[in-house]
Structure formats: C-alpha cells, structure tokens
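Here's a quick tour of one model, with an eye on its pockets and on one residue in a helix. Have the structure open as you read.

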Amino acid sequence: MVHHALCNVIEPLFERSFIHDSYANRVGKGTHRALRRCQQWARRYPYVLCCDVRQFFPSIDHAILRCILARRISHPQVMWLVDLILASGVGVLSEAYDMVWFPGDDLWAASRPRGLPIGNLTSQFWANCYLNPFDHFVKRELRCQGYLRYVDDFLVFGDHGRQLWAWKAAVLERLSQLRLTIHVTRAQVRPVSEGIPFLGFVVYPERRRVKRRKGVAYARRLRCLVREYAEGQATLDQVSASVQGWVNHVRYANSVGLRKALLCHTLIGPRGG
C-alpha cells in the first residue's frame with residue numbers, strides 16, 4: 001500500500017517528462033504497443049541496433065537514482081520515504097551483481113549502495129525514472145527518431161549501419177554515467193529484414209514470429225501439464241487456463257501454424273490412463 005501511495009503522488013511529476021516511446025509500466029503503453037511501434041520503425045528504417053542493459057536492476061546506483069528523483073520531488077517528507085525504501089533494498093540483489101569498474105572509480109566504488117528489488121512497484125517505476133535521462137540523450141543529442149525502450153531492452157533504428165555503430169559507442173559512454181553497461185556482444189547492428197528479437201518475438205517489417213525457444217519451452221510445459229492431469233496432480237481448468245494464457249500471448253504474432261501444430265497434436269486422455 002505504501003509503494004502504491006508513493007507512486008500515486010510522484011508519478012504525475014515524472015510522467016510528463018517521459019518520452020512517448022518508453023513502454024514499460026505506464027498507463028496506455030505495454031508490450032503489445034511496444035511491438036507495434038517496433039514494427040512501424042522496422043518499416044521505416046533498414047537497420048537496427050538491439051541492446052539490453054546488463055544486470056539492470058542489480059546495477060541501479062542509489063546515489064544517482066536519488067539525485068534524479070530529488071530534481072522533481074521537493075517535499076522533504078516524500079524524499080524521506082524514498083530514502084527509507086531505497087535503504088531497504090541495499091544488498092538485496094548483491095549476489096546477482098558482478099562488479100563493473102568505470103573511469104574514475106576508486107576502491108570505495110565496490111561498496112556503493114545499488115540494486116532495486118524487482119517485484120516492488122516503486123522499483124518498476126523508478127527504473128523508468130533512472131533511464132529517462134538516457135532516453136532524452138538518444139532522442140535529443142543523438143537526434144535518433146527511431147528509438148523505443150521497454151524496461152532495459154531498447155532498439156535504435158537508422159538509415160545506415162555505420163551511423164548505428166557510431167551511436168553504439170555513444171550509448172556505451174552515456175550509460176557509463178549511470179554506472180550501467182550493455183551486453184556488448186549481443187548489441188549488434190542488423191538489417192531489419194533479418195528479424196528483430198524483442199519481447200519474446202521476432203519482429204519483421206511485415207510479420208511477427210514467436211521465438212523458437214519460447215515455442216519449445218511451452219510445448220514441454222504443456223506435455224508436463226497433460227501428464228500431471230492424467231496422474232491427478234492438475235485439474236482440467238488449470239490445463240485450460242495455461243493454454244488460453246499462452247494462446248492469448250502468441251496471437252499477437254503470425255502464429256496460427258504454431259498453434260495448430262502444438263494444440264492439434266496434444267491429446268488429453270482420461271485420468272489414470
């Protein structure tokens with residue numbers, strides 16, 4: 001309740017400053033709108049740079065985040081609550097964080113408070129606040145129109161591959177000011193015609209596919225559920241809910257063939273059979 005109350009108070013202060021193409025944890029946005037926007041940019045630009053922040057939530061630096069929040073929150077009691085919540089998260093994700101050293105660091109940098117509990121509502125909202133300056137850097141300083149972000153996954157579109165490679169270097173430098181880095185080996189410039197891996201799908205200019213590993217993983221899950229039903233460990237309602245949830249997800253891709261291949265060959269037999 002406290003996290004919800006705090007977000008209700010501070011969210012309007014930040015929402016107006018967020019760029020249009022930030023899609024996570026915002027009213028009227030979400031994964032499906034992000035996928036649509038990705039496809040729009042893929043139809044407009046021939047090349048894309050796909051990036052994701054390495055160990056994002058464990059890496060969020062408390063001093064930097066507090067500075068970002070304090071620029072818009074003027075009430076001292078609200079900031080007191082912010083500090084209280086921040087302090088409660090110190091060390092929560094320390095085991096998930098691999099120390100990264102940035103230019104100018106001394107030995108004390110290893111002990112900087114960092115990390116946000118992923119499940120907290122404030123953590124999800126503060127993640128947008130933390131990367132908001134980076135969003136504006138890409139849009140205003142790099143002057144990249146074809147950009148979108150969902151939490152720590154972001155796409156940068158462009159007309160020329162060389163331009164995107166140059167922007168990649170600028171992105172790395174700017175993220176270092178937030179004490180963040182990306183998975184460098186996965187951040188490659190590619191033609192959009194090869195497909196863009198994004199939010200569990202592969203997005204092409206004119207179609208979307210479900211990632212193969214996602215389909216394989218659900219096929220295994222469904223076989224397991226059917227076996228549990230036959231053994232009396234799961235109900236038919238549980239099997240049905242799982243299938244409906246998966247179908248509702250993959251229907252946002254061109255997945256009719258996948259659904260037929262998976263579901264038409266799944267036989268739910270009698271219990272004990």
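What follows covers the two biggest pockets and then a single helix residue.

## The largest pocket

Keep in mind that this is a predicted model. Its largest pocket holds about 400 Å³ of space. The lining runs to 19 residues, and those nearest the centre are Asp52, Asp153, Pro197, Phe198 and Lys211.

Where does that lining come from? Three strands, β1 (47-52), β3 (153-158) and β5 (196-198), each give at least two residues, and so does helix α8 (212-230). As for chemistry, the lining splits into nine nonpolar, eight charged and two polar residues.

## The second largest pocket

Next up is the second largest pocket, with about 150 Å³ of space. Its walls are made of Ile64, Cys67, Ile68, Arg71, Pro133, Phe134, Arg174, Gln177 and Leu178. Six of these lining residues are nonpolar, two are charged and one is polar.

Helices α4 (62-70) and α6 each put at least two residues into this lining. The largest share, three residues, belongs to α4.

## Val138 in α6

Helix α6 spans residues 121-141, and Val138 sits in it. Is Val138 buried or exposed? Val138 counts as buried because its relative accessible area is 0%, and the cut-off for buried is under 20%.

Setting aside neighbours within four places in sequence, Val138 touches Arg143, Cys144 and Tyr147. Arg227 is another matter: 89 residues away along the chain, its C-alpha atom is 50 Å from that of Val138.

Key
Residues are numbered from 1 along each chain as its sequence is written. This is a predicted model: local features need pLDDT of at least 70, side-chain atom pairs count only at pLDDT 80 or more; totals for chains, interfaces and linings use all residues. Side-chain values use heavy atoms; hydrogens and water are left out. Helices (H or I, at least four residues) and strands (E, at least two) are DSSP runs, numbered from the N terminus. Buried means under 20% relative accessible area, exposed over 50%, partly exposed in between (1.4 Å probe, protein chains only). Contact means heavy atoms within 4.5 Å. On a 1 Å grid over the protein atoms alone, a cavity is a set of points where a 1.4 Å probe fits but cannot get out, and a pocket is an open set with protein on both sides within 12 Å along at least five of seven lines; lining residues have an atom within 4 Å of a point. Grid points are joined across faces, edges and corners, and a volume is the space filled by probe spheres set on the points. Ala, Val, Leu, Ile, Met, Phe, Trp, Tyr, Cys and Pro count as nonpolar, Asp, Glu, Lys and Arg as charged, and the others, Gly among them, as polar.
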